[in-house]
Amino acid sequence: MHRPPPRRRRHRRQRKPLLLWGVFAALLAVALGLTLWLLFARVAHPATPGGAHAFGTGDMVIHTARVGMTADQLGLTPLSVVNQPHQTLWMLDGATLTLTGTPPALSAATMQSDAWTGPMGIKVGDTLDTLLARLPVQSLEAESGDGNLLYTADAQGIAPVAPYGVLSVQSGQLMVTLVAERNDRGAYPYASIAADPDDNRITHIAWGFSVIPPELSE
């Protein structure tokens, strides 16, 4: 008797790599959340030093230069200058300055090198704890977006009312966003400080002005 040829078994698609990536992503999210919780737990009941204060325009500095200084007052020599329609960029070694207005004056700065001292006397490479020790951290459990309030002008301590600070996780990094009271031009002075969650070392510092507080505009 003639037997029909055996049927070929259909191979199931291998879903293990996809499953492993899903597990890895979930573990990474849990690890970042745990890092944020542990860091906030350490500062939830701080012994605030006498020099701690809320971020303000007086903290908008880079080295000896301050916000509002004109080009001839900065005392810095750029490696290159980029002229744009409404602003001028000074490219430094590990930092960028933004000058706006007439005459051009310092209005924003970013720092990626430990050669520059920024707001609250911090620099790249310092620990996030160093920054938090210089802020008036309150015993708050309120959340703002995906982060935790560090301090706020809100009498009930539950809403981000300037001046305020927020600790959050953004793009896999710890982020402290500090916002001062709105100025007479309707803009909020702010600073954003990023840190590596593995060692809490600061990797990036930026400050400037925003019509909408950065933490609320995301």
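Tutor: In this predicted model, a residue is called buried when its relative accessible area is under 20%, and exposed when that area is over 50%.

Student: Why is Thr88 called buried or exposed, as the case may be?

Tutor: Thr88 has a relative accessible area of 15%. The limit for a buried residue is under 20%. Therefore Thr88 is called buried.

Student: Where does Thr88 lie, and which residues does Thr88 touch beyond its neighbours in sequence?

Tutor: Thr88 belongs to strand E4, which covers residues 88-92. Leaving out residues up to four places away in sequence, Thr88 touches Val81, Val82, Asn83, Leu97, Thr98 and Leu99.

Student: What makes the link between the side chains of Thr88 and Asn83 a polar contact?

Tutor: A polar contact requires a pair of N or O atoms within 3.5 Å. The side chains of Thr88 and Asn83 are joined at 3.5 Å, and the link is listed as a polar contact.

Student: Why is Gly118 classed as buried or exposed?

Tutor: The relative accessibility of Gly118 is 2%. Since buried means under 20%, Gly118 counts as buried. Gly118 is found in the loop between E6 and helix H2 (128-132).

Student: Which residues are in contact with Gly118, apart from its neighbours within four places in sequence?

Tutor: They are Val61 and Met111. In addition, the C-alpha atoms of Gly118 and Ile62 are 4.7 Å apart in space, although 56 residues separate the two in sequence.

Student: What is noted about the phi of Met120, and why is Met120 called buried or exposed?

Tutor: Met120 has a positive phi of about 60° although it is not a glycine. Its relative accessibility is 8%; buried means under 20%, and so Met120 counts as buried. Like Gly118, Met120 is found in the loop between E6 and H2.

Student: Why does Ser171 count as buried or exposed?

Tutor: Ser171 reaches 83% relative accessibility. Exposed means over 50%, and therefore Ser171 counts as exposed. Ser171 lies in the loop between E9 and strand E10 (173-179), and its phi is near 50°, a positive value in a residue other than glycine.

Student: How do you know that E6 and E12 pair, and in which sense?

Tutor: Two strands pair if at least two bridges are found between them. Strand E6 (residues 105-111) and strand E12 (residues 202-210) have 3 bridges, in the antiparallel sense. Met111 has Ile205 of E12 as its bridge partner.

Student: How many bridges does E12 form with E11?

Tutor: Strand E11 (residues 188-195) and E12 pair over 8 bridges, in the antiparallel sense. Pro189 stands opposite Phe209 in E12. The hairpin of E11 and E12 has 6 residues between the strands, and there Asn200 takes a positive phi near 65°.

Student: Which residues lie nearest the centre of the largest pocket, and which strand gives the most to its lining?

Tutor: Thr100, Ser107, Asn183, Arg185 and Phe209 lie nearest the centre, within a lining of 15 residues. E6 gives the most to that lining, with 4 residues. The space in the largest pocket is about 390 Å³.

Student: Where are the peptide bonds before Pro103 and Pro163 cis?

Tutor: The cis bond between Thr102 and Pro103 has an omega of about -5°, and Pro103 has its place in the loop between strand E5 (95-100) and E6. The cis bond from Ala162 to Pro163 has an omega near 0°, and Pro163 is found in the loop between strand E8 (147-151) and strand E9 (164-170).

Terms used. Residues numbered from 1 in each chain as written. Predicted model: local features only at pLDDT ≥ 70, side-chain atom pairs only at ≥ 80, totals over all residues. Heavy atoms only, no water. Helix = DSSP H or I, 4+ residues; strand = E, 2+ residues; numbered from the N terminus. Buried < 20%, exposed > 50% of the residue type's maximum accessible area, 1.4 Å probe, protein only. Polar contact = N/O pair within 3.5 Å; in protein donor to acceptor, adjacent residues only side chain to side chain. Contact = heavy atoms within 4.5 Å. 1 Å grid on protein atoms, 1.4 Å probe; cavity = no way out; pocket = protein on both sides within 12 Å on 5 of 7 lines; lining within 4 Å. Points joined across faces, edges and corners; volume = space filled by probe spheres on them.
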